[in-house]
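User: Please take a close look at the largest pocket of this model. What lines it, and what can be said about the cysteines after that?

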Amino acid sequence: MPHIADQFPAAWRPLAEDFLRSEQAQHLSAFLDQEVAAGQTLFPPAEQRFAALEAVAPEQVRVVILGQDPYHGPGQAMGLCFSVPQGVRVPPSLQNIYKELADDIGFRIPDHGDLTHWAEQGVLLLNSVLSVRAGDAGSHANQGWETLTDQLVHGLAREREHLVFMLWGSYAQRKAAGVDTERHLVLKAPHPSPLSAYRGFMGCEHFSQANTWLHATGQPPIDWQLF
C-alpha cells in the first residue's frame, strides 16, 4: 500500500510537510496497511480520504467547518465532514444543520446530504480523523490523523487572513484553540447532534454571520443553498 504522503494532495503539502516526513506518518501508514491486511473495511474509501483537501486549495478556503470522525456506516462517508452522498439518508446532525440554515437564511431543505457545493466554493469540510473502521466509531483515533489535521488548521490560520471558523462542539473548539480572533471570525456553538443542538446550536445564526463577515472583508458570500 502507498505511504500516506504519496496520496496527499500537492496543494496542501507545504502545510503538512513536517507531518508527512515524520515517524508518526510512518506509523499511520503502517496502521492503515495492517487494517486492510486484516480484512477490515475502512470508510471513506481510500480514494476519498482526502476529498476535503482535493475540493479546495488552501488559498481558496474562506470557511472552515471541523468534524471529528467519518461516518462509519456503509455508503455514508465521502471525505467531507457532515456530508453523505446523494441517495443516502440525511444523518440527524446534518438534519439539524439544515433546520438552522432554514431559520437563519431561509434555506430550502434539500432531499439529500451532499455538501460538495459548499466545498467547491471554499468551505473546508475537514474531519479531525480521516478514516474509520466499518461499524466502529472512533476506531482510528490517536493513530496520527489528529496531528496532521491540526497542522492544516493552524497552518491555514497562520498563512491566511479573514477566514471564518465554525466550531461546533467542544472537540472542534479545542482543535482550533489559538486561532487569532483578531484576524479571523471564530464562531462557536454546541454540536448539531440531537443530543446537544437545542443547547445553542439552533439559533446560532452562524451562516448569516459568516456571509456578513465575508462581505465586510471583501470576499464573496457562500451560496449555502443546495439543489
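Analyst:
**The largest pocket and the cysteines**

In this predicted model, three elements each supply at least two residues of the lining of the largest pocket: β2 (63-67), α5 (92-105) and α8 (170-175). Of these, α8 gives the most, with 3 residues. The pocket itself has a volume of about 490 Å³. A total of 28 residues line the pocket, and the closest to its centre are Asp69, Pro70, Tyr71, Phe82 and His191. Sorted by class, the lining has 14 nonpolar, 13 polar and 1 charged residues. As general background, empty space of this kind shows up when a probe the size of a water molecule is rolled over the atoms.

Now the cysteines. A disulfide is a covalent bond between the sulfur atoms of two cysteines. Searching the whole structure turns up 0 disulfides. Cysteine 81 is in none, and its nearest cysteine sulfur, that of cysteine 204, is 14 Å away. Seen from the other side, cysteine 204 is also in no disulfide, with the sulfur of cysteine 81 as its nearest, 14 Å away. A disulfide needs the two sulfur atoms within 2.5 Å, so a distance of 14 Å does not qualify.

Are these two cysteines buried or exposed? Buried means under 20% relative accessible area. Cysteine 81 has 1% relative accessibility, so cysteine 81 counts as buried. Cysteine 204 has 12% relative accessibility and therefore counts as buried too.

Conventions: Residues numbered from 1 in each chain as written. Predicted model: local features only at pLDDT ≥ 70, side-chain atom pairs only at ≥ 80, totals over all residues. Heavy atoms only, no water. Buried < 20%, exposed > 50% of the residue type's maximum accessible area, 1.4 Å probe, protein only. 1 Å grid on protein atoms, 1.4 Å probe; cavity = no way out; pocket = protein on both sides within 12 Å on 5 of 7 lines; lining within 4 Å. Points joined across faces, edges and corners; volume = space filled by probe spheres on them. Helix = DSSP H or I, 4+ residues; strand = E, 2+ residues; numbered from the N terminus. Nonpolar A, V, L, I, M, F, W, Y, C, P; charged D, E, K, R; others polar.
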